[in-house]
2 protein chains.
Amino acid sequence: MKRFTKHTIKNSLKRIFMYRSCLMRLKMIGVEKVYSYTLADETGVTADQVRKDFSEYGITGNKKGGYEVNDLIEKLEKIFHRNKDHNIVLIGMGNIGTSLSRYNNFIHRNMNIVATFDIDPFKQKTRSEIPVYAMSRLKEIIDRFRVKVAIIAVPEISAQEVADELIQAGIKGIINFAPVLLKTPGDVIVNNINLCDELESVIYYVHSQMKSTGAKNLELLYRGMKY
Amino acid sequence: MKRFTKHTIKNSLKRIFMYRSCLMRLKMIGVEKVYSYTLADETGVTADQVRKDFSEYGITGNKKGGYEVNDLIEKLEKIFHRNKDHNIVLIGMGNIGTSLSRYNNFIHRNMNIVATFDIDPFKQKTRSEIPVYAMSRLKEIIDRFRVKVAIIAVPEISAQEVADELIQAGIKGIINFAPVLLKTPGDVIVNNINLCDELESVIYYVHSQMKSTGAKNLELLYRGMKY
DNA sequence: ATTTAAATGTGAAAAGATTCACAAAACACA
DNA sequence: TGTGTTTTGTGAATCTTTTCACATTTAAAT
C-alpha cells in the first residue's frame, strides 16, 4: 500500500506571487516606491495582510518610507530562488501538454522545459526545439539535467503510473493537469490543477448569485467569497 | 475609478468536487455504497471533514448505512446545476486558448464552448466545429446562447479590456488564464488561473524541502503544507 | 532641532476552518 | 423485540488565518 499525502499551497505564498507580479508591472511603468496600501489596492487584499505576509517571509521595508520597488523585487527573487534557471520536464504531448510546452511565460520566468515525453512514437522527435523522448529515457534525462520538477499532462488513466515513474526517477515536485488526485510519498509535493473543477466553480457561484435575487440569500453567496 | 472585488473559491467547494470525481470513478468500477471514510481515504482528507462538508451543503446519508453512490452523485449534480448544459465562450485563440477549446473534459461535464473569439482575422472561421468570431460579434453571440461564463485566454496586455467588454455583454463569471489580476464589479466572479505561479509554488516548496536536510528546519517546510 | 504626519511591524482579538467527541439513528442478528 | 455494532451529524474545542489597533520609526516641514 502506498503512502498518501496531500500538500496544499499556502494562501500567503500565492499572495506573495501576486505582489511580485504587481511589483514587476509597477516597475515597468516607472514606479520606484510602494506602500503596503499600494500593493493592497492593486491586488484586492488589505494593507494589514500585505504587511503580515511580508512579516511571515521576513521581508521588511522602512517606516514612513514604505518599500523600494527594486529592493523588494530583489528580496522576493531571493526567497523564490529565482536567481538561477530551473529545469522542468513535461510528460504527455497531447492537447494540453503541447500548449504548455509552448507557453512562453514559463521561459520568461526562468522555468525551462528541457525535455518532454510521450508514449506515441510518432510524436517522438529528439531533434526539435524541445525534444520529445520515449518514456524509457525518463531517468536518463532527469539525471542529466538535474530536474526536480515535472509537469504531468497525460490522460487520467495513466497519470498515477507516470507519477510513480517520475518519483522513481528522483522528481520531488509535480504539477498535475490530469483530473485525478495523485498519491505520492510525503516528500513529493503535488499541485493538482483541475481545469474542469475550476470552470465548474465559476458556474456554481454564478448560479448561486443569480438565484439569490437582490439581498435575499446573499449571506449564502458571501459564505463562499472574500473581498 | 473601477470597483474592485476579489472572489476566492471555498476549500470546501473544491473538496466537494473531489468527492464527486471520486464517486464517479467508484461508480464506474461498480461500487454502490460509500462511507465518509471511503471518500476520505480516496481524497486524502479526514472522514470528519467529509461529513462536515456534506453538512455544509445540506447533503445527508443514512446512519450506519453510509451513502448510496448514485443518490449522492444525484444530490451533487443538483447542487452544481449539472442537470443542464452550460454554454461558455472563450476569448483568445492563441496557444492556451486553442488547447482549451479542444479540451474534451469540458464537454464530458456538460460545459460547452459554443463560440470563441479572436482579433486576428486569419483565425476567424465561423464555419469550423467551434466557430472563431471577431470581437465585434461578442454581445450578439453571448445574447443568442444566453452565455453567463467566459474563459479569457488572451495576452496579459489586453485581458482587462476583454474582461470589461465581457461584463458589458452580460457575462457574470470569468475564468482567467492571463497572468494578471482582473478588476471587476462585485457581482462578477473571477477565477484567476496563473500557470506560472502554480509552477513556481511547486519549485518553491521543492527547494525549501531540499534546503531543510533531514529534520532540520522542517518546521518551516510544514508551515506551508497540510497533510 | 523640534514637531508633525505617515507608514511599518506585530502582539492581541476576531473570524474562519478543521478536528474531536459523542449522542442519535439504523442495521444485523439473536 | 432487544442488544450490540456501526456510522452519521453536529455542537464544542482546537488550530489557523485574518483583521484590528497601536507603539515605534522615520521622512518631511517648520
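Which helices of chains A and B each supply at least two residues of the surface near DNA strand C? They are α2 (36-43) and α3 (47-56) of chain A, together with α3 (47-56) of chain B. This is a predicted model, where local features need pLDDT of at least 70 and side-chain atom pairs count only at pLDDT 80 or more, while totals for chains, interfaces and linings use all residues. Residues are numbered from 1 along each chain as its sequence is written, chains are lettered from A and ligands numbered from 1 in the order in which they are written, and side-chain values use heavy atoms, with hydrogens and water left out.

**Around the DNA**

- The residues around DNA strand C number 22 (a residue is near if one of its heavy atoms lies within 4 Å), and A:S36, A:Y37, A:R51, A:G61 and B:R15 come nearest.
- α3(B) gives the largest share of that surface, with four residues; helices here are DSSP runs of H or I with at least four residues, strands are runs of E with at least two, and both are numbered from the N terminus.
- Sorted by class, the surface has ten charged, nine polar and three nonpolar residues (Asp, Glu, Lys and Arg are charged; Ala, Val, Leu, Ile, Met, Phe, Trp, Tyr, Cys and Pro are nonpolar; the others, Gly among them, are polar).
- Sugar or phosphate accounts for 60% of the atoms of DNA strand C within 4 Å of the protein, and bases for the rest.

**Polar contacts with the DNA** (pairs of N or O atoms within 3.5 Å)

- At the bases, a polar side-chain atom of A:R51 sits 2.6 Å from a nitrogen of DNA strand C, and a side-chain N or O atom of A:K52 is 3.3 Å from a base oxygen.
- On the backbone, a polar side-chain atom of B:T46 is 3.4 Å from a phosphate oxygen of DNA strand C.

**The sheet in chain B**

- Six strands form an open sheet with parallel pairing, in the order β5-β4-β3-β6-β7-β8; two strands pair if DSSP finds at least two bridges between them.
- The edges are β5 (132-133) and β8 (189-192) of chain B, each pairing on one side only.
- β7 (residues 173-176) of chain B and β8(B) share four bridges in the parallel sense, and B:I175 has B:N191 as its bridge partner.
- Helix α9 (residues 195-211) of chain A packs on this sheet, touching β3, β4, β6, β7 and β8 of chain B (contact means heavy atoms within 4.5 Å).

**Symmetry**

- A turn of 180 degrees and a shift of 0.0 Å along the axis lay chain A on chain B with an RMSD of 0.1 Å, by least squares on C-alpha atoms of residues with pLDDT of at least 70 in both.
- That is the relation of a two-fold axis.

Conventions:
Axes fitted to C-alpha atoms, helices over the stretch in contact; angles between N-to-C directions. Polar contact = N/O pair within 3.5 Å; in protein donor to acceptor, adjacent residues only side chain to side chain.
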